[in-house]
Amino acid sequence: LVSWHYTTVPGNGPLIEFVIVAGSDVTERRKAEEARVREQAGRFAAETAQQRSALLAEISASLASSLETPVTLARLIHFLIPALADWCIVYQLQPGNHFRPVEVAHGDPVKGELARKLITSSVNVDLDRHWIGKVLQTSRSQLVNDVGETELAKLANLPKDLEVLRELGVESLMLVPLLSVGEVKAVLILVGNALRRFGPAD
């Protein structure tokens, strides 16, 4: 790989009399730069993987206790925010096979107060229209990487929740069922904004 440099030498009149062309072999320098970039990328990937492994270990320890206790769920979302998502809401199984939102956490304390308005202890989720209904049908995680108004409406438990969700910002979703003895005991909904869109790697 050659880098060319051109230098003009003016003559006695208005015209350019000479052009000096010099070439430098920058192959080794380019290879060194590319190797450095690859090394940095590899180091970043290794650090990210290590952080994820540490996080998963903490989550596993947290889930070792019963999923039916609010303390366990609150501890769990503490690990997830803001490491994996901007904010998170947890829906827990209630008597009669109903689900209700029971815990919420946000990386921004101010928005965290706003998010708590989504906790409605006396209202069950309409599983026919809410996102968690799809998760309960398959007992598998679901990814929604582009949330518009239609998708946002499926996240609202009550009509008044829709405005709260707009203020919080919802660009993508990960819905994760938490199972115990083959039964879904809770569903986590991890939320990403415009700066953190979830993808298959998540």
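**Exercise 1. Which residue just after H4 takes a positive phi?** Find it, then place it in the chain and judge its exposure.

*Solution.* This is a predicted model, so treat every value here as computed from it.

- Step 1: go to the end of helix H4, which spans residues 131-138. Serine 139 comes just after it, with a positive phi of about 55°.
- Step 2: recall the usual case. Most residues other than glycine have a negative phi. Serine 139 has its positive phi although it is not a glycine.
- Step 3: place it. Serine 139 sits in the loop between H4 and S5.
- Step 4: check the exposure. Buried means under 20% relative accessible area and exposed means over 50%. Serine 139 comes in at 30%, so it counts as partly exposed.

**Exercise 2. Look for a positive phi in the loop between S3 and S4, and in the hairpin of S6 and S7.**

*Solution.*

- Step 1: the loop between S3 and S4 contains asparagine 97, whose phi is near 60°.
- Step 2: asparagine 97 has a relative accessible area of 54%, so it is exposed.
- Step 3: the hairpin of S6 and S7 has two residues between the strands, and valine 181 there takes a positive phi near 55°.

**Exercise 3. Work out what helix H4 packs against.**

*Solution.*

- Step 1: pick out the buried residues of H4, namely Trp131, Ile132, Gly133 and Val135.
- Step 2: follow their packing partners. Among the strands these are S3 (87-94), S4 (98-106), S5 (142-144), S6 (172-180) and S7 (183-192). Helix H5 (149-153) is also on the list.

**Exercise 4. Put the strands of the open sheet in order and find its edges.**

*Solution.*

- Step 1: start with the inventory. The chain has six helices and seven strands, and from the N terminus on they run β-β-α-α-β-β-α-α-β-α-α-β-β.
- Step 2: five strands make up the open sheet, in the order S4-S3-S7-S6-S5, with antiparallel pairing.
- Step 3: find the edges. S4 and S5 each have a single partner strand, so one side of each has no neighbour in the sheet.
- Step 4: add the twist. Ignoring direction, neighbouring strands are turned by 20° against each other on average.
- Step 5: go through the pairs.
  - S3 and S4 are joined by eight bridges, and leucine 93 has phenylalanine 99 in S4 as its bridge partner.
  - S3 and S7 pair over six bridges, with tryptophan 87 opposite valine 191 in S7.
  - S6 and S7 pair over nine bridges, and leucine 175 has isoleucine 189 in S7 as its bridge partner.
- Step 6: see how covered S7 is. Nine of its 10 residues are buried.

**Exercise 5. Which residues have the most contacts inside the largest nonpolar core?** Trace which elements build it.

*Solution.*

- Step 1: the largest nonpolar core has 28 residues, and Trp87, Val170, Leu173 and Ile189 have the most contacts inside it.
- Step 2: at least two residues of this core come from each of S3, S4, helix H3 (109-115), H4, helix H6 (161-168), S6 and S7.
- Step 3: look around valine 170. Beyond its neighbours within four places in sequence, valine 170 is in contact with Trp87, Val147, Leu152, Leu155, Leu165, Val191 and Gly192.
- Step 4: don't miss the other core. Apart from the largest one lies a core of 15 residues, including Val90, Ala105, Leu190 and Phe198.

**Exercise 6. Is leucine 168 buried or exposed, and what does it touch?**

*Solution.*

- Step 1: find leucine 168 in helix H6.
- Step 2: its relative accessible area is 4%, so leucine 168 is buried.
- Step 3: leaving out residues up to four places away in sequence, leucine 168 touches Trp87, His106, Lys111, Leu114, Ala115 and Leu118.
- Step 4: take the pair with tryptophan 87. The two residues are 81 apart along the chain, and their C-alpha atoms are separated by 8.8 Å.

**Exercise 7. Find the cavity and name its lining.**

*Solution.*

- Step 1: the structure holds one cavity of 30 Å³ or more.
- Step 2: the largest cavity contains about 40 Å³ of space.
- Step 3: its lining is Ile89, Tyr91, Pro101, Leu118, Leu155, Asn157, Asp161 and Leu165.
- Step 4: sort the lining by element. S3 and H6 each supply at least two of these residues.

Definitions and conventions
Residues numbered from 1 in each chain as written. Predicted model: local features only at pLDDT ≥ 70, side-chain atom pairs only at ≥ 80, totals over all residues. Heavy atoms only, no water. Buried < 20%, exposed > 50% of the residue type's maximum accessible area, 1.4 Å probe, protein only. Helix = DSSP H or I, 4+ residues; strand = E, 2+ residues; numbered from the N terminus. Contact = heavy atoms within 4.5 Å. Core = buried A, V, L, I, M, F, W, Y, C linked by side-chain atoms within 4.5 Å. Pairing = 2+ DSSP bridges. Axes fitted to C-alpha atoms, helices over the stretch in contact; angles between N-to-C directions. 1 Å grid on protein atoms, 1.4 Å probe; cavity = no way out; pocket = protein on both sides within 12 Å on 5 of 7 lines; lining within 4 Å. Points joined across faces, edges and corners; volume = space filled by probe spheres on them.
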